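Good morning, everyone. Please take a moment to look over the structure on the screen, and then I will walk through a few of its features.

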Amino acid sequence: MKETIWLQGRLVSYELTRKPVKNINIRVRANGSVGVSADARVPKEEIEKILQQKASFLLNALDRFAAQPLPAAQQDYAAGSVVFLLGRACQVSLAKGTRNEVRPKKEKLLLTVTDPETPSLRIKTMEMFLKETCLCVTRSLCQKWQPKMAHLGVPVPEIHVRSMISRWGSCKPSAGRITFARQLVAAPLSCVEYVVCHELVHFLHPNHAKAFYDCLSSFLPDWDVRRQRLNSPGDW
């Protein structure tokens with residue numbers, strides 16, 4: 001059962017599992033999710049009291065995992081492998097050529113490299129394509145939404161893309177910079193748009209207090225639906 005709780009001004013989601021255990025167990029996973037297990041007889045109020053008591057530990061753990069780099073690529077992009085691009089499942093078609101490049105073609109991604117048998121070359125070429133595509137899409141969406149927020153003081157941001165383990169994006173207002181996760185390019189465009197708006201609003205509200213969500217809702221009323229879809233890849 002998915003639940004949410006406000007901890008020190010931040011909205012935290014957690015998965016509550018009811019099972020016969022003696023204590024209330026809390027686990028922060030490396031992917032940024034929080035799991036809580038408790039006996040069916042333990043009231044929710046008692047569970048949330050424990051979460052409040054351990055708020056500093058939970059938030060520090062979430063921030064620590066969020067700062068970790070993404071592990072190496074999970075696949076080598078061999079012929080027939082599947083890559084998600086803006087919510088669409090695309091099959092990799094491999095070819096040998098004089099230059100290394102990727103070209104979208106309907107429901108396929110044509111990966112052309114000088115040596116198709118070298119996994120590192122396939123990975124480098126595909127990852128470069130995905131990073132460039134993510135940068136292009138997020139820049140375009142920032143250009144769409146920033147002017148709508150400019151009157152509130154949201155600047156034109158400097159956009160970066162890199163691999164991240166548990167964040168879809170991060171904003172550093174003092175540097176005027178937003179960094180998006182390269183993995184975001186796999187999500188549907190509506191979900192990418194949610195992340196862009198989310199990070200732009202951080203220029204006005206650096207934390208996840210109620211004022212942040214009120215502001216986000218004024219621009220994107222269905223942000224929560226988009227967020228739920230974003231975090232449920234099976235629904236893409």
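Before we begin, when I say that two residues meet or touch, I am speaking of contact, which means that they have heavy atoms within 4.5 Å. Please also keep in mind that what you see is a predicted model.

Let me start with the whole protein, which has six helices and 11 strands, and whose C-alpha trace spans about 65 × 50 × 25 Å along its principal axes. Of its 236 residues, 41% are buried, while the accessible surface comes to about 12900 Å², with 53% of that belonging to carbon and sulfur atoms. If we take the contacts between residues at least 6 apart in sequence, 47% of them join residues at least 24 apart.

Now to a pair of helices: α4, which covers residues 189–201, and α6, which covers residues 223–230, have axes that come within 9 Å and cross at roughly 115°, and this crossing is left-handed. Which residues in α4 meet α6? On the α4 side they are S190, C191, E193, Y194 and V195, and their partners in α6 are W223, R226, R227, R229 and L230. Sorted by class, this contact has five nonpolar, one polar and four charged residues.

Finally, consider T112, which has its place in strand β8, residues 108–113. Is T112 buried or exposed? T112 counts as buried because its relative accessibility is 11%, and the cut-off for buried is under 20%. Leaving aside residues up to four places away in sequence, T112 touches A95, K96, G97, R99, N100, E101 and T125.

Key:
Residues numbered from 1 in each chain as written. Predicted model: local features only at pLDDT ≥ 70, side-chain atom pairs only at ≥ 80, totals over all residues. Heavy atoms only, no water. Axes fitted to C-alpha atoms, helices over the stretch in contact; angles between N-to-C directions. Helix = DSSP H or I, 4+ residues; strand = E, 2+ residues; numbered from the N terminus. Left-handed = near helix turned anticlockwise from the far one by under 90°. Nonpolar A, V, L, I, M, F, W, Y, C, P; charged D, E, K, R; others polar. Buried < 20%, exposed > 50% of the residue type's maximum accessible area, 1.4 Å probe, protein only. Areas by Shrake-Rupley, 256 points an atom, 1.4 Å probe, with all protein chains shown as cover.
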